[in-house]
Number of protein chains: 2
Amino acid sequence: MNNRQQQIDYLLDRLEAAGKRSTPQRHAVCQVLVEHGGHPTVAEVFERVRAAYPMISQATVYNTIDTLRELGLIQALDIVDHGHTHYDLDLRPHVNVVCTRCDTITDLHTDTLEALVSLVGQRTGYQIETQRGVVMYGLCPRCRGTQHS
Amino acid sequence: MNNRQQQIDYLLDRLEAAGKRSTPQRHAVCQVLVEHGGHPTVAEVFERVRAAYPMISQATVYNTIDTLRELGLIQALDIVDHGHTHYDLDLRPHVNVVCTRCDTITDLHTDTLEALVSLVGQRTGYQIETQRGVVMYGLCPRCRGTQHS
DNA sequence: AGATGTATTAAGAACAGTTCTAAATGATGA
DNA sequence: TCATCATTTAGAACTGTTCTTAATACATCT
């Protein structure tokens, strides 16, 4: 029933299927990733995991996230001026729209992106990783109102 | 007639128009940026500028690039797993396709991206910076051939 | 031309996110 | 139980970028 629990279990299953162990640390990281929902950074994950698991090391968070990434279960998102990498569990093609003032990230799913991805593949000859989102920058609706500063 | 020279002069003119001085260091940085043509990093620019201007400081390269960016004359491009920022003089909307094996970046200009940008603006309410390119990842044609490794 | 004020530059220190290292811990399989 | 191997931990090391400070060069005013 619990969608999130299913998602956490899915990640751990895939880890085990890849011959990795399902440790409590990895469980905690996956749980935080799923429950965060948005586009967490390592620092955010570390901080939250720590609340439930105070002795966890930052290196473990990095390692777990790297492993998940190698298995293609999450993707990395580098955003100009943010200074750290964000991660995204959403592997459907979508646009991540970043506010250049408040840093809010909004997702948009649209067929136009999928069309663009396949067009880029055809035109360039690249084998595009279709599960990756793209990033756009702009002012979010709220910040457009407070533009003057 | 020299297209590149015009572009260099344009950058310097815009610097001066913004009240900045047109110093030899800035000239050298602009020249390297224009002549590079692709998506240079600060390290690449620094190295090349140094050849013609051995006493230039890395800080000056950073400062000049920051200034150009503040004036909207170049844009920054953060690419996952590259570890440093690339810069792009091309302010028309385009897709930067990055090879995940050899790091080659290929540009693609297409109306579909412009359509996507305006659609994203409408749907999300964000005021999208239309001059920014987006990044996609994949295997370039050459690396698709040597995939086995 | 000379003096004054301001922008720019240079060099290197400082910083932050990430990666690496080495030792300790914990699980697995014979 | 013992041996082995993966994993975790803590912190050092690394790297790209930013910051600081003093020196320099340019522009303006008289």
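This report walks through a predicted model of two protein chains and two DNA strands.

## Getting to know chain A

Let's start with chain A by itself. Its secondary structure adds up to six helices and six strands. Read from the N terminus, the elements go α-α-α-α-β-β-β-β-α-β-β-α. Measured out along its principal axes, the C-alpha trace covers about 45 × 45 × 30 Å.

Chain A has 149 residues, and 30% of them count as buried. Now take the contacts in chain A with a separation of 6 or more: 51% of those involve residues 24 or more positions apart.

## A sheet shared by two chains

Here's a neat bit: one open sheet is built from four strands in the order 4(A)-3(A)-6(A)-5(B), with mixed pairing. Its edge strands, each pairing on one side only, are strand 4 of chain A and strand 5 (127–128) of chain B. Inside the sheet, strands 3 and 4 of chain A are antiparallel partners, joined over four bridges. You can pick out one such link at Val97(A), whose bridge partner in strand 4 of chain A is Thr106(A).

Pairing across the chains also involves strand 5 of chain A, which runs antiparallel to strand 6 (residues 134–139) of chain B over two bridges. To find the spot, look for Ile128(A), which sits opposite Gly138(B) in strand 6 of chain B.

## Where chain A touches chain B

How many residues of each chain are in contact with the other? The count is 34 residues of chain A and 34 residues of chain B. Several elements of chain A each supply at least two residues to its side of this meeting place, including strand 1 (75–78), strand 3 (95–99), strand 4 (105–108) and helix 6 (141–145). Helix 5 of chain A gives the most, with nine residues. Sorted by class, the side of chain A that touches chain B has 22 nonpolar, seven polar and five charged residues.

## Zooming in on Ile79(A)

Ile79(A) lies in the loop between strand 1 and strand 2 (85–88) of chain A. Is Ile79(A) buried or partly exposed? Ile79(A) counts as partly exposed because it has 19 C-beta neighbours inside 10 Å, while being buried takes 20 or more.

If you skip its neighbours within four places in sequence, Ile79(A) is in contact with His86(A), Val98(A), Val135(A) and Asp78(B). Glu35(A) is another story: this residue is 44 residues away from Ile79(A) along the chain, and their C-alpha atoms are separated by 22 Å.

## Around the DNA strands

Time to look at DNA strand C, which has 18 residues around it. Among the closest are Thr85(A), Thr23(B) and Gln25(B). Two or more residues come from each of helix 4 of chain A, helix 2 (24–36) of chain B and helix 4 of chain B. The largest share, four residues, belongs to helix 4 of chain B. By class, the surface near DNA strand C has six nonpolar, nine polar and three charged residues.

What about DNA strand D? It has 19 residues around it, and those that come nearest are Thr23(A), Gln25(A), Ala59(A), Thr60(A) and Thr85(B). Helix 2 (24–36) and helix 4 (58–70) of chain A, along with helix 4 (58–70) of chain B, each supply at least two residues of the surface near DNA strand D. Helix 4 of chain A gives the most to that surface, with four residues. The residues near DNA strand D divide into six nonpolar, nine polar and four charged.

Methods. Residues numbered from 1 in each chain as written. Chains lettered and ligands numbered in written order. Predicted model: local features only at pLDDT ≥ 70, side-chain atom pairs only at ≥ 80, totals over all residues. Contact = placed C-beta atoms within 7 Å. Nonpolar A, V, L, I, M, F, W, Y, C, P; charged D, E, K, R; others polar. Pairing = 2+ DSSP bridges. Buried ≥ 20, exposed ≤ 12 C-beta atoms within 10 Å, placed from the backbone. Near = placed C-beta within 6 Å.
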